[in-house]
Amino acid sequence: MIPRLVRVQPGTERGSLAAMISKVKQAYPQASLSNIYTYWEPGDTWSFRMQSRNEGRIQVYVDPYRVAIVGEDRYRDKFLQWVYDLHVNLLLGNWGEWLNG
């Protein structure tokens with residue numbers, strides 16, 4: 001978590017989830033959307049987890065009031081990404097995830 005990405009100035013109402021998904025998919029066409037984390041405290045950003053074959057996991061933070069991307073966190077080459085991959089897919093990609101399941 002990056003503190004500057006998780007808080008925004010609250011607005012009066014949030015934009016639509018469909019508009020946020022569209023914005024994120026347009027900004028990251030090479031990646032697929034795997035999770036959405038919605039938070040309901042005023043001023044919290046919403047987090048969209050994107051997965052790219054070449055770039056790995058990308059966490060995209062969206063201002064839900066302005067439907068604007070405020071930043072990203074790329075997990076490729078981070079130690080915790082390696083730990084996550086070991087836990088989820090035994091470092092074997094899709095095959096490892098299947099074995100783990």
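In this predicted model, the side chains of arginine 74 and glutamate 55 meet in a salt bridge, with 2.1 Å from N to O. The two residues belong to distant parts of the chain: arginine 74 sits in strand E4, glutamate 55 sits in the loop between E2 and E3, and 19 residues separate them. Arginine 74 is partly exposed at 33% relative accessibility, and glutamate 55 is likewise partly exposed, with a relative accessible area of 25%.

Arginine 74 has a further partner in glutamate 72, and in this salt bridge the closest N and O atoms are 2.5 Å apart. Glutamate 72 has a relative accessible area of 28% and therefore counts as partly exposed, since that class lies between the limits of 20% and 50%. Taken together, Glu55, Glu72 and Arg74 form a network of salt bridges.

The count for the structure comes to four salt bridges. Another of them joins aspartate 44 to arginine 7, whose closest N and O atoms are 2.5 Å apart. Aspartate 44 lies in the loop between E1 and E2, while arginine 7 lies in the loop between helix H1 (3-6) and H2, so this pair ties together parts of the chain that are 37 residues apart in sequence. The two partners differ in their surroundings: aspartate 44 is buried, with a relative accessible area of 14%, whereas arginine 7 is partly exposed, with a value of 47%.

These elements can now be placed in the sheet. Four strands make up an open sheet in the order E1-E2-E3-E4, and their pairing is antiparallel. Strand E1 (32-37) and strand E4 (68-74) occupy the edges; each has a single partner strand, so one side of each is left without a neighbour in the sheet. From one strand to the next, the twist averages 25°. Helix H2 (residues 17-27) packs on this sheet and touches E1, E2, strand E3 (56-63) and E4, and its direction makes about 35° with that of E2.

The sheet may be followed from one edge to the other. E1 pairs with strand E2 (residues 46-52) in the antiparallel sense over five bridges, and here isoleucine 36 stands opposite phenylalanine 48 of E2. E2 in turn pairs with E3 in the antiparallel sense over seven bridges. Within this pairing, serine 47 has tyrosine 61 of E3 as its bridge partner. E2 and E3 form a hairpin with three residues between them. Tyrosine 61 also stands opposite glycine 71 in E4, where E3 and E4 pair in the antiparallel sense over six bridges. E3 and E4 likewise form a hairpin, with four residues between them, and valine 67 in the turn has a positive phi of about 50°.

Strand E3 is mostly covered, as eight of its eight residues are buried. One residue that reaches this strand from E2 deserves attention. Arginine 49 is found in strand E2, and its side chain makes a polar contact with the side chain of glutamine 59 at 3.3 Å. Arginine 49 counts as buried because its relative accessible area is 13%, which falls under the 20% limit for that class. Leaving aside neighbours within four places in sequence, arginine 49 is in contact with Ser32, Leu33, Ser34, Asn35, Tyr37, Arg57, Ile58, Gln59 and Tyr84.

A final feature concerns aromatic rings. The structure holds one aromatic pair, formed by tryptophan 40 and tryptophan 46. Their arrangement is edge-to-face, with 5.2 Å from centre to centre and 65° between the planes. The partners again contrast in accessibility: tryptophan 40 counts as exposed at 58% relative accessibility, while tryptophan 46 is buried, with a relative accessible area of 4%.

Definitions and conventions: Residues numbered from 1 in each chain as written. Predicted model: local features only at pLDDT ≥ 70, side-chain atom pairs only at ≥ 80, totals over all residues. Heavy atoms only, no water. Pairing = 2+ DSSP bridges. Axes fitted to C-alpha atoms, helices over the stretch in contact; angles between N-to-C directions. Contact = heavy atoms within 4.5 Å. Buried < 20%, exposed > 50% of the residue type's maximum accessible area, 1.4 Å probe, protein only. Polar contact = N/O pair within 3.5 Å; in protein donor to acceptor, adjacent residues only side chain to side chain. Phe/Tyr/Trp six-rings, centres within 6.5 Å; stacked < 30°, edge-to-face > 60°.
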